[in-house]
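The following exercises introduce a structure step by step. Each task is followed by a worked solution.

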Amino acid sequence: MDNRYYDNVIAEMQPFLDEQNFKKNKDGIFLNDKKAVKIDYDETRQMYVLSTADINEGTAWEYTMASSFLFDDTQTEKDAESVGIDFTETLRKSLGIKNKRPAVSGDIDLPTAQKGSALNVAGFTKKVLDVFPQYKDTYKEHIAKYGNFLYMNFFSYTLIPQIIAVLTENNKKTVKKLFELLEAGYIQGDKDTANIVVASLAAAIIKDGSIKDTALSMLENNSHLKGSVEAFVPVLSSNKKLSSALIK
C-alpha cells in the first residue's frame with residue numbers, strides 16, 4: 001500500500017502541532033523544546049506509528065512508540081483523520097496538556113440515519129442509542145472530546161459491555177431486542193457497519209465460554225452472522241492492536 005493518506009493524518013494533527021510550537025525539520029520530524037515526534041507508516045504491519053523522544057539539551061533521545069493505528073488498503077481519508085485524532089490525543093497526554101474542547105454541548109447532535117441507502121455507521125449508532133439511550137450523553141461527550149466519531153473506541157465502552165450484560169442476564173425479551181439490533185446492522189449495513197457488528201460480538205464473547213454459548217444460541221437464526229462471528233474470534237485473539245482497541 002502506498003502512503004497516500006499521510007498528509008491527511010498530518011493535516012488533522014497540524015493545529016495542535018502549531019499550538020505547541022512543533023516545527024518540521026528536513027527529515028520530517030516535528031520538534032519543539034520538549035519532544036521530538038515522528039509519524040511513519042509501517043508497510044509490513046500495515047499501520048501508522050507515532051513515536052516520540054524527549055529533548056535534552058537540544059538533542060532527541062531514544063524514540064519509543066507512543067501509539068499505533070491499523071490502516072490497510074480498505075481504509076479511507078476519513079479513517080486517516082481518525083488516525084490524526086488518536087495521535088493528537090496521545091501526544092496531548094504525553095505533554096500533560098488538558099483538552100481545551102468544551103464539555104458536552106447542547107449543540108452536539110445525536111447521529112442520524114441516511115434515507116435510501118445502506119445503513120452506515122452513523123445510522124447504526126442511532127439504532128444503538130435508541131436501544132441503549134443511557135449512552136446518548138456519552139456519545140456527546142465523545143464528540144466533544146475528539147471532535148469526530150471514533151466508532152471502534154465508542155463501541156468498546158458502550159455497545160460491547162451492553163452485549164456482555166444482556167447475554168449474561170440472558171432474558172429472552174432483551175436478548176431478542178439485542179439480536180434484532182445487531183442483525184439489522186449486519187444485514188442492512190454497509191461494509192464498515194457489518195464489520196463492527198461482527199467485531200463487537202466477537203469482543204463480547206472472547207473471554208467467557210458461557211457468554212459465547214448464549215451468543216451463538218442467539219445467532220442460530222442467522223447462520224451467516226453466526227459463522228462470521230465464529231471466524232472472527234481467532235482473528236481478534238491473534239491481533240493485539242485490534243483486541244486492545246475493542247476489549248476494555
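A residue is called buried when its relative accessible area is under 20%, exposed when that area is over 50%, and partly exposed in between. The exercises apply to a predicted model.

**Exercise 1. Determine what share of the chain is buried, and describe its surface.**

Solution. By the cut-off just given, 45% of the 248 residues of the chain count as buried. The area that the chain exposes is about 13300 Å². Carbon and sulfur atoms supply 48% of that area.

**Exercise 2. Describe the overall fold and decide whether the radius of gyration agrees or disagrees with that of a compact globule.**

Solution. Begin with the elements: the chain contains 11 helices and 6 strands. Next, consider the extent: along the principal axes, the C-alpha atoms fill a box of roughly 65 × 40 × 35 Å. For 248 residues, a compact globule would have a radius of gyration near 18 Å; the chain has 20 Å, and the two therefore agree. Finally, turn to the contacts with a separation of 6 or more: 57% of them join residues 24 or more positions apart.

**Exercise 3. Locate the nonpolar cores and identify the contacts of leucine 182.**

Solution. The largest nonpolar core comprises 46 residues. Among those with the most contacts inside it are Phe124, Leu182 and Met218. Helix 8, residues 191–205, gives the most to this core, namely 10 residues. A second core, separate from the largest, has 20 residues, including Leu17, Val37, Leu50 and Phe71. For leucine 182, neighbours within four places in sequence are set aside; the contacts are then Phe124, Leu159, Ile163, Val197, Leu201 and Met218.

**Exercise 4. State which residues of helix 9 are buried and what covers them.**

Solution. Helix 9 spans residues 209–218, and its buried residues include Ile211, Thr214, Ala215, Leu216 and Met218. The cover over the buried residues of this helix includes helix 6 (159–169), helix 7 (172–188), helix 8 and helix 10 (223–238). Met218 also appears among the residues with the most contacts inside the largest nonpolar core.

**Exercise 5. Place glutamate 43 in the chain and classify its accessibility.**

Solution. Glutamate 43 lies in the loop between strand 3 (35–42) and strand 4 (47–56). Its relative accessibility is 41%, so glutamate 43 counts as partly exposed. Phenylalanine 71 is 28 residues away along the chain, and the C-alpha atoms of glutamate 43 and phenylalanine 71 are separated by 9.5 Å. Phe71 itself belongs to the second core.

Methods
Residues numbered from 1 in each chain as written. Predicted model: local features only at pLDDT ≥ 70, side-chain atom pairs only at ≥ 80, totals over all residues. Heavy atoms only, no water. Helix = DSSP H or I, 4+ residues; strand = E, 2+ residues; numbered from the N terminus. Rg over C-alpha atoms; globule rule 2.2 N^0.38 Å. Buried < 20%, exposed > 50% of the residue type's maximum accessible area, 1.4 Å probe, protein only. Contact = heavy atoms within 4.5 Å. Areas by Shrake-Rupley, 256 points an atom, 1.4 Å probe, with all protein chains shown as cover. Core = buried A, V, L, I, M, F, W, Y, C linked by side-chain atoms within 4.5 Å.
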